[in-house]
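This briefing goes through one protein chain, topic by topic. Look over the sequence and the structure below, then read on.

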Amino acid sequence: MCSAAIRTAARTLPNVATWPAGLPFYETVNEAPSIASLPATWFTLGFEAATDDPVSIGAAPEYRETGRVVVSIMGRAGTGDGTLIGLADTIPPLIRTHFNASEIRIRSISPASLIDDGIDGEFERYDVFIDFERPHT
């Protein structure tokens with residue numbers, strides 16, 4: 001899992017002034033929100049396995065954490081995907097600005113893609129994959 005620094009930076013996205021209004025964040029890491037209580041559109045985060053490799057030697061070695069954050073934009077099925085695609089398309093520039101301010105370097109950001117997880121038909125999901133690196137001591 002990604003470090004606490006990465007998770008904190010990602011979880012503070014809704015506090016960014018330019019974040020899409022009305023797109024609330026729901027924690028789903030070790031949580032199971034009640035589907036009935038969820039709004040028409042919302043987002044959640046996924047933190048895929050990360051590595052923390054030494055990149056220098058010496059008295060104060062430096063490390064580089066690399067990994068992936070997944071921003072999942074969710075919307076009720078049957079309401080059309082235009083809103084979800086529009087929201088997902090606004091995510092990459094906001095992520096770039098926010099992570100760069102947190103000294104997290106973006107390696108790549110994928111365009112939003114529809115994910116069919118086959119679990120239920122209540123929500124449609126568009127994922128934006130953010131590959132990052134974070135140098136630290």
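Which residue in β2 is the bridge partner of Trp42? The partner of Trp42 is Met74. This pairing belongs to a predicted model, and the points below place it among the other elements of the chain.

**Overall layout**

- The chain contains two helices together with five strands.
- Starting at the N terminus, the order of these elements is α-β-β-α-β-β-β.
- A box of roughly 60 × 30 × 20 Å, taken along the principal axes, is filled by the C-alpha atoms of the chain.
- The chain has 137 residues, and 36% of them are buried.
- Among contacts with a separation of 6 or more, 64% are between residues 24 or more positions apart.

**Surface and charge**

- The accessible surface of the chain is about 7400 Å².
- Carbon and sulfur atoms account for 52% of that surface.
- There are 10 positive side chains and 18 negative ones.
- The centres of these two sets of side chains are 6 Å apart.

**How the strands pair**

- Strand β1 covers residues 41-54 and pairs with β2 in the antiparallel sense, over twelve bridges.
- Strand β2 also pairs with strand β5 (residues 123-136), again in the antiparallel sense; this pairing has 14 bridges.
- Two positions show how β2 and β5 line up: Ser72 has Asp127 in β5 as its bridge partner, and Gly75 stands opposite Glu124 in β5.
- Strand β3 (residues 105-109) is joined to β5 by four bridges, and the two run antiparallel.
- Within the pairing of β3 and β5, Ser108 has Asp131 as its bridge partner.
- Strand β4 (residues 113-115) is joined to β5 by three bridges, and these two strands also run antiparallel.
- Within the pairing of β4 and β5, Leu114 stands opposite Tyr126.
- Strand β5 therefore has pairings with β2, with β3 and with β4, while β2 has pairings with β1 and with β5.

**Two enclosed strands**

- Strand β2 spans residues 63-76, and ten of its 14 residues are buried, so this strand is largely enclosed by the rest of the structure.
- In β5, eleven of the 14 residues are buried, so β5 too is largely enclosed by the rest of the structure.

**Thr44, a buried residue in β1**

- Thr44 is part of strand β1.
- Is Thr44 buried or exposed? Thr44 is buried, because its relative accessible area is 8% and the cut-off for buried is under 20%.
- A polar atom of the Thr44 side chain lies 2.9 Å from the backbone oxygen of Tyr26.
- The side chain of Thr44 also makes a polar contact of 2.6 Å with the side chain of Thr28.
- Apart from neighbours within four places in sequence, the contacts of Thr44 are Phe25, Tyr26, Glu27, Thr28, Val70, Val71 and Ser72.
- One of these contacts, Ser72, is the residue whose bridge partner in β5 is Asp127.

**Asp131, a residue in β5**

- Asp131 is found in strand β5.
- Which side chain makes a polar contact of 2.8 Å with the side chain of Asp131? The partner is Arg68.
- Not counting residues up to four places away in sequence, Asp131 touches Gly67, Arg68, Arg105, Ile106, Arg107 and Ser108.
- Ser108, in that list, is also the residue in a bridge with Asp131.

**Two loop residues with positive phi**

- Most residues other than glycine have a negative phi.
- Asn30 has a phi near 60°, a positive value in a residue other than glycine.
- Asn30 sits in the loop between α1 (4-11) and β1.
- Asn30 counts as exposed because its relative accessibility is 78%, and the cut-off for exposed is over 50%.
- Glu103 likewise has a positive phi, near 60°, and is not a glycine.
- Where does Glu103 lie? Glu103 lies in the loop between α2 (82-101) and β3.
- With a relative accessibility of 66%, Glu103 counts as exposed.

How values were computed:
Residues numbered from 1 in each chain as written. Predicted model: local features only at pLDDT ≥ 70, side-chain atom pairs only at ≥ 80, totals over all residues. Heavy atoms only, no water. Buried < 20%, exposed > 50% of the residue type's maximum accessible area, 1.4 Å probe, protein only. Contact = heavy atoms within 4.5 Å. Areas by Shrake-Rupley, 256 points an atom, 1.4 Å probe, with all protein chains shown as cover. Lys, Arg positive; Asp, Glu negative; His and termini not counted. Charge placed at Lys NZ, Arg CZ, Asp CG, Glu CD. Pairing = 2+ DSSP bridges. Polar contact = N/O pair within 3.5 Å; in protein donor to acceptor, adjacent residues only side chain to side chain.
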